[in-house]
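Let us walk through one protein chain, step by step. Keep the sequence and the 3D view side by side as you read.

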Amino acid sequence: MKALVKEKAEPGLRLMEVPEPVIGPGDVLIKVLRTGICGTDLHIRAWDGWAQQAISAPLVVGHEFVGEVVETGRDVADVTVGDLVSGEGHLVCGKCRNCLAGRRHLCRATVGLGVGRDGAFAEYVALPASNVWVHRVPVDLDIAAIFDPFGNAVHTALSFPLVGEDVLITGAGPIGLMAAAVARHAGARNVVITDVSDERLALARKVGVSLALNVAESTIADGQRELGLREGFDVGLEMSGNPRAMRDMVANMTHGGKIAMLGLPSEEFAVDWARIVTSMITIKGIYGREMFETWYAMSVLLEGGLDLAPVVTGRYSHRDFQSAFDDAASGRGGKVILDWTS
Ligand SMILES: NC(=O)c1ccc[n+]([C@@H]2O[C@H](COP(=O)([O-])OP(=O)(O)OC[C@H]3O[C@@H](n4cnc5c(N)ncnc54)[C@H](O)[C@@H]3O)[C@@H](O)[C@H]2O)c1
Ligand SMILES: [Zn+2]
Ligand SMILES: [Zn+2]
């Protein structure tokens, strides 16, 4: 089969022939239809410091996908051939304290699809049936392909009650955009999103934010004034990984404010801890999705009319993966999709 492979410990990816995956008794084999390009895949292509310590080549990359089940192992009961599925890309150990307690998203030995084992940028991918989400409600294939990052957005946005609250989102990348759509849909009063890219802020306006603020030109405090907020934001969703964004967020929260932090900073940085203490701010780290509570929430949010269409801005054949990766790496658009059937 064809697959996008990190062939050697050096920059780049290659579309090449590799053997089809063989499934075990608890696995399913999925014919991949569409995939989403994630920041992780860009790191792996660029072969930066993170990729060099996290990846051993050769490796089939990619973890965001939708596909159709074509084979099931003999122990698989609830997934059948023909099912349309997306995959939970965190494979858990099943043995640690959290796994045994049913808190699989807190597993301390998680292996990432397309990071710690062969991934989904291929004609076929194998996964344990317990990592598969069957789409039982009709869903657009481009959106189904990005259930993994959509899940990051939902997990973060629904970490704290949002109804009637003023919400600040730092970072209007694909995940920040989806979180803004979710916060709006879930009943926030104001949703303010920040970025330094005008193109991405324009996309944010399409998902219905109250204010899309370019922090290279104005401050979050200016934004508060514009909306008539007097006491700061109730809920913050950090989705940039940028230290300045986190500092700005802390400075603009109300007393007792809640921050859910998804953005992954590349190194340690300082924040105003005295402010966090005296403002009694709660900070919660978010990694991945809750299995499968977040997936349930994603499906019903879409069923209830949540519109993510503005978030997908690039569509390419898998053969044009270089252009697709360049598009995703430009940092200007939304989500970029690869089609594995054309
Ligand atoms: N915790 C997890 O499980 C998890 C999963 C996926 C991604 N992530 C992380 O979440 C973040 C969002 O993912 P993404 O794919 O949308 O990333 P992205 O890099 O496409 O988006 C980040 C955005 O933040 C903007 N930004 C930079 N400086 C800023 C500032 N000072 N203020 C406001 N915005 C600023 C950038 O211009 C960019 O548009 C990334 O840091 C990513 O590494 C975490
Ligand atoms: Zn991803
Ligand atoms: Zn575990």
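Start with isoleucine 175. Setting aside residues within four places in sequence, isoleucine 175 is in contact with Pro149, Asn152, Ala153, Met239 and Leu262. Here, contact means that the C-beta atoms of two residues, placed from the backbone, lie within 7 Å. Isoleucine 175 sits in helix H6, which covers residues 174-185. Helices (H or I, at least four residues) and strands (E, at least two) are DSSP runs, numbered from the N terminus.

Before going further, a word on the model. It is a predicted one: local features need pLDDT of at least 70, side-chain atom pairs count only at pLDDT 80 or more, and totals for chains, interfaces and linings use all residues. Residues are numbered from 1 along each chain as its sequence is written, while chains are lettered from A and ligands numbered from 1 in the order in which they are written.

Is isoleucine 175 buried or exposed? It counts as buried, because it has 28 C-beta neighbours inside 10 Å. The cut-offs are simple: a residue is buried if 20 or more other C-beta atoms lie within 10 Å of its own, exposed if 12 or fewer, and partly exposed in between, with C-beta atoms placed from the backbone.

Isoleucine 175 also appears in a database record. An unreviewed UniProt entry lists Ile175, Asp195, Arg200, Leu262, Gly263, Leu264, Ile286 and Tyr287 under "binding site". These residues are spread over 113 residues of sequence, and also in space, with up to 23.3 Å between C-alpha atoms. Take care with such a record: UniProt positions are given in the numbering used here, feature names are shortened, and annotations may be inferred rather than shown by experiment.

Now look at isoleucine 286 from that list. Isoleucine 286 lies in the loop between strand S16 (282-285) and helix H11 (293-303). It counts as buried because 20 C-beta neighbours lie inside 10 Å. Not counting residues up to four places away in sequence, isoleucine 286 touches His155, Thr156, Ser159, Ala260, Met261 and Leu262. The loop between S16 and H11 also holds phenylalanine 292. A cis peptide bond joins methionine 291 to phenylalanine 292, with omega about -5°.

Step back to the whole chain. It is divided into domain 1 (2-146 + 308-339) and domain 2 (153-285). These bounds come from an automatic or database domain assignment. The domain centres, taken over C-alpha atoms, are 28 Å apart. Where the domains meet, 8 residues of domain 1 are in contact with 10 residues of domain 2.

What holds the inside of the chain? In soluble globular proteins, nonpolar side chains tend to be buried together. The largest nonpolar core here has 100 residues. Such a core is a set of buried Ala, Val, Leu, Ile, Met, Phe, Trp, Tyr and Cys residues joined through C-beta atoms within 7 Å. Helix H6 gives the most to this core, with 8 residues. The core draws at least three residues from each of domain 1 and domain 2. Val167 is among the residues with the most contacts inside it.Next come the strands. Strand S3 (residues 27-36) is mostly covered, with 7 of its 10 residues buried. Two strands pair if DSSP finds at least two bridges between them. S3 and strand S5 (residues 64-72) pair in the antiparallel sense over 8 bridges. In this pairing, arginine 34 has valine 66 as its bridge partner. S3 also runs antiparallel to strand S9 (residues 124-128), joined by 5 bridges. There, valine 28 stands opposite leucine 127. With strand S18 (residues 335-339), S3 pairs in the antiparallel sense over 3 bridges.

Another sheet is open and has 3 strands, in the order S2-S1-S4, with antiparallel pairing. Strand S2 (14-17) and strand S4 (59-60) stand at the edges with a single partner strand each, so one side of each is left without a neighbour in the sheet. Just ahead of S4, proline 58 is found in the loop between helix H2 (49-54) and S4. A cis peptide bond joins alanine 57 and proline 58, with omega about 0°.

Finish with tryptophan 47. This residue has a positive phi of about 60° although it is not a glycine. It is partly exposed, because 18 other C-beta atoms lie within 10 Å.
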